[in-house]
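I opened this entry to look up how the inside of the structure is packed, and I began with one helix before turning to the cores.

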Amino acid sequence: MKKELKAQVIEAIKANMAQYPNFYITDIAGLNASETSALRRDCFNEGIKLTVVKNTLLHKVIKDSGNPELELLVPALEGNTALMYTEAPAVPAKLIRKYNKAGSEKPALKAAYVQECAFVGADKLEELVNIKSREELIGDIVALLQSPIKSVVSALQNAGGATVAGLVKTLEER
């Protein structure tokens with residue numbers, strides 16, 4: 001590969017990492033043409049950008065980033081490597097699990113960089129499947145904060161005026 005082409009590939013990887021906050025390092029070697037086509041179609045439908053990269057070029061991008069968390073991914077850069085870039089943190093993990101449940105060993109998870117944390121190893125797949133997006137977490141927090149208020153309002157509405165009057169009288173006595 002010529003030096004100019006390597007520089008272009010490195011810039012493309014950097015641009016994708018800047019555009020997409022999460023990426024998965026996978027192995028898709030051994031898939032035949034129809035299986036690869038089906039995987040690419042599923043990735044496109046799920047909003048995942050799938051690219052095959054050379055380990056040495058990805059290693060250079062990681063080393064140049066100066067990010068110690070990214071450097072934890074270096075041991076996973078062996079064998080064939082494909083990157084799955086995504087906005088949603090758990091979508092590639094769910095896609096990989098779907099293929100694994102269907103009996104296919106590929107795509108195989110090697111590592112992932114999700115929500116600024118490194119996950120190395122295929123054993124992290126279930127953790128990655130259960131990661132919630134920022135919006136989902138905010139929704140959960142809002143629901144938890146609203147829950148006590150809803151309980152109090154509901155109890156007051158269901159009890160009628162007698163309980164409210166008793167509550168006010170008790171508060172006045174104290």
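I take contact to mean heavy atoms within 4.5 Å, and I take helices (H or I, at least four residues) and strands (E, at least two) as DSSP runs, numbered from the N terminus. This is a predicted model, in which local features need pLDDT of at least 70 and side-chain atom pairs count only at pLDDT 80 or more, while totals for chains, interfaces and linings use all residues. Residues are numbered from 1 along each chain as its sequence is written, and side-chain values use heavy atoms, with hydrogens and water left out.

I looked first at helix H3 (residues 55–65), where Asn55, Leu57, Leu58, Val61 and Ile62 are buried (under 20% relative accessible area, with exposed over 50% and partly exposed in between, for a 1.4 Å probe and protein chains only). Seen down the axis of H3, these residues fall within an arc of 165° and so line one face of the helix; the arc is that of the directions from the helix axis to the C-beta atoms. Their cover includes helix H1 (3–19), strand S1 (22–27), strand S2 (49–53), helix H4 (68–71) and S3, whereas the face turned away carries the exposed Thr56 and Lys63. After H3 comes Gly66, with a positive phi near 70°.

I then turned to the largest nonpolar core (buried Ala, Val, Leu, Ile, Met, Phe, Trp, Tyr and Cys residues joined through side-chain atoms within 4.5 Å), which has 22 residues, and in which Tyr24, Leu39, Met84 and Leu128 touch the most other members. Helix H5 (91–101) is one of the elements giving two or more residues to this core, and H5 gives the most, five.
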